[in-house]
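Work through the exercises below with the model open. Try each task before reading its solution.

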Amino acid sequence: MLLVYLLATSTYLIVVVSSATSNFYRDFDITWGDGRAKILNNGQLLTLTLDKTSGSGFQSKNQYLFGKIDMQLKLVPGNSAGTVTAYYLSSQGPTHDEIDFEFLGNLSGDPYILHTNVFSQGKGSREQQFYLWFDPTADFHTYSILWNPQRIIFSVDGIPIREFKNLESMGVPFPKNQPMRIYSSLWNADNWATRGGLVKIDWTQAPFTASYRKFNADNACVVSSSSSSSSGGGTSSCSLNSKPTSSSSSTNNNVWLSQELDSRNQRRMKWVKKRYMIYNYCKDRKRFPQGLPPECAY
């Protein structure tokens, strides 16, 4: 069943699309890797591979402007030092917006580092890093981005680990005008990924493989250009007062557009930060000797 919600329009036609099942053939394009990326199991599984010659990657067919997006990943097992598996939303250009999950590989027995970042109008430097409370190579786990006009929430298996609020009133840019595609790649980053680049990839362990399944963008604003715009693509956002075109009164798929963390999930996020956060740019006064970024006060 396909449910469509028509939302606010300006340069873009924005629709919230809800589909019963995902399919990698339908939802994504393999963009590089010369055969190292594969879609398997009738579109239900995608794998990326890295060897000494090349990594691989894919991107979504759709662009999104706000959404709740889930993907299950199983990361490179064993000695993954020097490898990075990136899974992120991004627009294009020098003033691009970006919402990042990056998984930094490590030596066998040492934990992966989950690296997060938010770019707005081309400016990033908002890194927070975490260890995970499980082995991300033993099974699939769900990594989620909730992006609405008020906030961005990063979650792992439904547990929020980070929130980036819209603080435009404080002069902090927030991603809200540029549609973004979903991208993922597995690549050689041994010049920086593990212990600052001290540990290199052990190519005798290649090929390295990461796996993906159960992509879900049932609640997301899919953007398509309604017409050529002489303005080059102005601002456009989902309407918080949008109403479904479906006659089903039981469907409430646009709750995420104004979703925030309740008290229980605020406690869960504090638990993650207390036990598993290993870097927070908002605590790095040596990096910001003139003062921490303004969003760090909130």
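Two strands pair if DSSP finds at least two bridges between them. Strands (E, at least two residues) are DSSP runs, numbered from the N terminus. This is a predicted model: local features need pLDDT of at least 70, side-chain atom pairs count only at pLDDT 80 or more, and totals for chains, interfaces and linings use all residues. Residues are numbered from 1 along each chain as its sequence is written, and side-chain values use heavy atoms, with hydrogens and water left out.

**Exercise 1. Find the pairing partners of strand β10 and state its burial.**

Step 1. Take β9 (residues 98-104). It pairs with β10 in the antiparallel sense, over seven bridges. Glu102 stands opposite His115 of β10.

Step 2. Take β11 (residues 128-130). Three bridges join it to β10, again antiparallel. Gln128 of β11 is the bridge partner of Thr116.

Step 3. Check burial. Buried means under 20% relative accessible area, exposed over 50%, partly exposed in between (1.4 Å probe, protein chains only). Seven of the seven residues of β10 (residues 113-119) are buried, so the rest of the structure largely encloses this strand.

Step 4. Sort the directions. Ile113, His115, Asn117 and Phe119 point one way; Leu114, Thr116 and Val118 point the other.

**Exercise 2. Locate the annotated Asn106 and list its contacts.**

Step 1. The UniProt annotation "glycosylation site", from an unreviewed entry, covers Asn106. UniProt positions follow the numbering used here, feature names are shortened, and annotations may be inferred rather than shown by experiment.

Step 2. Asn106 sits in the loop between β9 and β10. Its relative accessibility is 11%, which counts as buried.

Step 3. Contact means heavy atoms within 4.5 Å. Leaving out residues up to four places away in sequence, Asn106 touches Gly78, Asn79, Ser80, Ala81, Pro111, Thr194 and Arg195.

**Exercise 3. Identify the disulfide and describe its geometry.**

Step 1. Apply the cut-off: a pair of cysteine sulfur atoms within 2.5 Å. The count comes to one disulfide.

Step 2. Cys282 and Cys296 form it, with sulfur atoms 2.0 Å apart. The angle about the S-S bond is -75 degrees, a left-handed link.

Step 3. Both cysteines lie in the segment after β17 (277-280), so the pair ties together parts 14 residues apart in sequence. Cys282 is buried, at 14% relative accessible area.

**Exercise 4. Describe the largest nonpolar core.**

Step 1. A nonpolar core is a set of buried Ala, Val, Leu, Ile, Met, Phe, Trp, Tyr and Cys residues joined through side-chain atoms within 4.5 Å.

Step 2. The largest has 64 residues. Strand β16 (residues 208-225) gives the largest share, nine residues.

Technical notes. Helices (H or I, at least four residues) and strands (E, at least two) are DSSP runs, numbered from the N terminus.
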